[in-house]
Amino acid sequence: MEVRIFKDKDQLGEVLAEILVSRIKSKPDLSFGFATGASPVPVYKSMIDYYRKGLVSFNKITTFNLDEYCNLPREDENSYYSFMQENLFTQIDIKEENINFLNGNAKDFDAECKRYDNLILDKGIDIQLLGLGRNGHIGFNEPATKFTKNCFKIKLSESTIEANSVYFTKNPMPHYALTMGTVSIMRAKEIFMIATGDKKADAIYEMINGDISPLCPSSVLQLHPNVHVFLDKDAAKRL
Ligand code: F6R
């Protein structure tokens with residue numbers, strides 16, 4: 001794993017956006033796996049700046065988001081679909097038909113997960129962005145006794161509910177989600193992990209130095225040949 005430490009999240013966002021934009025310039029039809037949450041926001045902001053300055057076009061890229069809450073309307077302000085619309089998609093020239101999401105309101109969750117797996121297998125993911133849960137989760141692959149494989153429905157852990165319920169000021173937070181599995185994530189050709197703030201420091205330490213174990217799902221990244229870990233000083237404080 002390559003580990004890079006930045007003075008703050010804005011500097012991290014600028015450097016990573018510059019890398020992603022240069023990758024798009026070499027391969028305009030790049031396929032991305034995108035994450036939601038606070039961690040990638042500075043990267044998305046900086047990507048929008050590149051677009052506004054006319055330095056890049058996103059009109060050929062394809063995106064697959066990692067996860068989505070179950071039984072939360074897509075239009076709800078807390079759905080991950082709304083998050084991506086607000087923080088990136090409505091501000092760049094991506095084509096609606098190239099945006100892919102798990103449907104957390106599907107009638108048959110197994111069929112929905114298979115549909116998404118097939119789409120990902122068909123297209124492949126060139127670059128996957130990941131955030132990190134305080135408990136070491138990636139996507140919504142929570143600590144467990146076994147590594148997960150493909151997309152599936154998960155009951156969220158207490159740690160994740162505690163961390164994310166701050167965003168749910170009007171309605172209670174859903175306790176289930178659909179997520180790409182560990183194997184789906186590991187199939188990406190290249191992975192950029194973003195972690196900022198001291199609440200991530202223990203999880204970063206375990207991910208890099210701990211045993212490879214489903215009790216810390218992100219530790220599986222030690223086995224991937226092309227992972228870059230982008231940290232601010234606080235998230236890196238135990239390294
Ligand atoms: C979000 C996701 C999660 C987050 C993680 C960190 O799509 O899959 O794994 O990346 O929970 O969240 P933040 O960045 O809000 O600390």
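The legends below describe several close-up views of a predicted model.

Local features are reported at pLDDT of at least 70 and side-chain atom pairs only at pLDDT 80 or more, while totals for chains, interfaces and linings use all residues. Residues are numbered from 1 along each chain as its sequence is written, and side-chain values use heavy atoms, with hydrogens and water left out.

**View 1. The ligand and its shell of 13 residues.** The closest of the residues around the ligand are S39, D67, H137, G139 and K200; a residue is near the ligand if one of its heavy atoms lies within 4 Å of it. By class, the shell comprises four nonpolar, seven polar and two charged residues. In this division Ala, Val, Leu, Ile, Met, Phe, Trp, Tyr, Cys and Pro count as nonpolar, Asp, Glu, Lys and Arg as charged, and the others, Gly among them, as polar. The ligand occupies the largest pocket. A pocket is an open set of points on a 1 Å grid over the protein atoms alone, where a 1.4 Å probe fits, with protein on both sides within 12 Å along at least five of seven lines; a molecule sits in it if more than half of its atoms lie within 2 Å of its grid points.

**View 2. Polar contacts of the ligand with K200, A38 and G131.** A polar contact is a pair of N or O atoms within 3.5 Å. An N or O atom in the side chain of K200 is 2.6 Å from an oxygen atom of the ligand. Polar backbone atoms also take part: that of A38 is 2.9 Å from a ligand oxygen, and that of G131 is 3.5 Å from a ligand oxygen. On its own the ligand has 410 Å² of accessible area, of which the protein covers 91%; accessible areas come from the Shrake-Rupley method with a 1.4 Å probe.

**View 3. N71 and S82, in a loop and in helix α3.** Helices (H or I, at least four residues) and strands (E, at least two) are DSSP runs, numbered from the N terminus. N71 belongs to the loop between β4 (67-69) and α3. Its phi is positive, about 55 degrees, although N71 is not a glycine. Most residues other than glycine have a negative phi. N71 is exposed, with a relative accessible area of 59%, whereas S82 is buried at 14%; buried means under 20% relative accessible area and exposed over 50%. S82 lies in helix α3 (residues 80-87), and a polar atom of its side chain is 2.7 Å from the backbone oxygen of D76.

**View 4. Three buried residues, I24, F64 and A177.** I24 is part of helix α1 (residues 9-26) and has a relative accessible area of 3%. Its C-alpha is 7.8 Å from that of F58, 34 residues apart in sequence. F64, in strand β3 (residues 62-65), has a relative accessible area of 1%. The C-alpha atoms of F64 and K237 are 32 Å apart, with their positions 173 residues apart in sequence. A177 is in strand β8 (residues 176-179), and its relative accessible area is 0%. A177 and N65 are 112 residues apart along the chain, and 13 Å separates their C-alpha atoms.

Methods:
A polar contact is a pair of N or O atoms within 3.5 Å; within protein, one must be able to donate a hydrogen and the other to accept it, and residues adjacent in sequence count only if both atoms are side-chain atoms. On a 1 Å grid over the protein atoms alone, a cavity is a set of points where a 1.4 Å probe fits but cannot get out, and a pocket is an open set with protein on both sides within 12 Å along at least five of seven lines; lining residues have an atom within 4 Å of a point. Buried means under 20% relative accessible area, exposed over 50%, partly exposed in between (1.4 Å probe, protein chains only).
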